[in-house]
Amino acid sequence: MVVYSAKTLSLNPESESAKENFDLVKEQWVTEAVRLRTDVDKCVKPTDFLVESEKKVKEEGDAAKALMKTSPKEAVVKVAMVQKITNRVLEVTDAELENLGDCTYRVKLVDHRNNLQTAIKHAGQATNEHIKGQAKDPETFNKSITEVHMNINRIKDEMVGFYLPLPPLPEDLPPPIPEEEEEKPPARPPVPEDSDEEEDTSLPPSRIP
């Protein structure tokens, strides 16, 4: 629907109805895309997402470095992918921070998160300067992309290490120490059974001399 509406608008750029229809369909598409992403996020562990994101940023970043020397336009596409993945990593990190109290893990995560935000900003600036031929140091672009990858790697290591499962217990554990039993009181003697003959409880007759 979005593609069809865009084609209709391109054929009728002055049509207000075509423009309104395109805007409406575009907003619906964005809403559904965000909903789908939210549902997928619920099914994927943050640590698994960070592991795959770190690999993808490394792959796209290395490609951008190589293409910047021969095909800058294609390199820009790779940088845009790095920026998109980085933004998702920042969102996942922010969601993790919302559930944390004051602890060393939180302090480290905040530090890595801020460094990543700064690094991706510098990467964008270095890309623009390199494309325009204004870069003073040709290696600035490569260093900025590497810094983005390293900060994502730090966030990944921090979060994966925090959620690392405890090692399994050894199989040859000693048997549990038995609890000391309390001393039981001695058993009560059995109650005597009633005899058939009734005992004579009367006093003996007095003897008068």
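Threonine 93 is situated in helix H4 of what is a predicted model. With a relative accessible area of 0%, threonine 93 is buried, because burial requires a value under 20%. A polar atom of the threonine 93 side chain lies 2.7 Å from the backbone oxygen of valine 89. When residues up to four places away in sequence are set aside, threonine 93 touches Leu109, Arg113 and Ile155.

The surroundings of this residue lead to the packing of helix H4 against helix H6. Two packed helices are described by the angle between their axes and the distance between those axes. For H4 and H6, the angle is about 30° and the axes are 11 Å apart. Since angles under 35 degrees count as roughly parallel, H4 and H6 are therefore roughly parallel to each other. The crossing in which H4 passes H6 is left-handed. On the H4 side, the residues that take part are Val79, Val82, Thr86, Val89, Thr93 and Glu96, and these meet Phe141, Ile145, Val148, Ile152, Ile155 and Met159 in H6. Sorted by class, this contact of H4 with H6 comprises 9 nonpolar, 2 polar and 1 charged residues. Thr93 thus appears among the H4 residues that meet H6, and Ile155 is one of the residues that threonine 93 touches.

Helix H6, which spans residues 139-162, also packs with helix H5, at an angle of about 160° and with the two axes 8 Å apart. Angles over 145 degrees count as roughly antiparallel, and H5 and H6 are therefore roughly antiparallel to each other. The crossing of H5 and H6 is left-handed. The residues of the contact of H5 with H6 divide into 14 nonpolar, 8 polar and 5 charged.

Helix H4 covers residues 72-98 and helix H5 covers residues 104-131, and asparagine 99 lies in the loop between these two helices. Asparagine 99 has a relative accessibility of 67% and counts as exposed, because the term applies to values over 50%. The side chain of asparagine 99 reaches the backbone oxygen of alanine 95 at 3.4 Å. Threonine 93 in H4 is buried, whereas asparagine 99 in the loop is exposed. In each case the side chain is paired with a backbone oxygen, that of valine 89 for threonine 93 and that of alanine 95 for asparagine 99.

Technical notes:
Residues numbered from 1 in each chain as written. Predicted model: local features only at pLDDT ≥ 70, side-chain atom pairs only at ≥ 80, totals over all residues. Heavy atoms only, no water. Helix = DSSP H or I, 4+ residues; strand = E, 2+ residues; numbered from the N terminus. Buried < 20%, exposed > 50% of the residue type's maximum accessible area, 1.4 Å probe, protein only. Polar contact = N/O pair within 3.5 Å; in protein donor to acceptor, adjacent residues only side chain to side chain. Axes fitted to C-alpha atoms, helices over the stretch in contact; angles between N-to-C directions. Parallel < 35°, antiparallel > 145°, perpendicular 65-115°, else oblique. Left-handed = near helix turned anticlockwise from the far one by under 90°. Nonpolar A, V, L, I, M, F, W, Y, C, P; charged D, E, K, R; others polar. Contact = heavy atoms within 4.5 Å.
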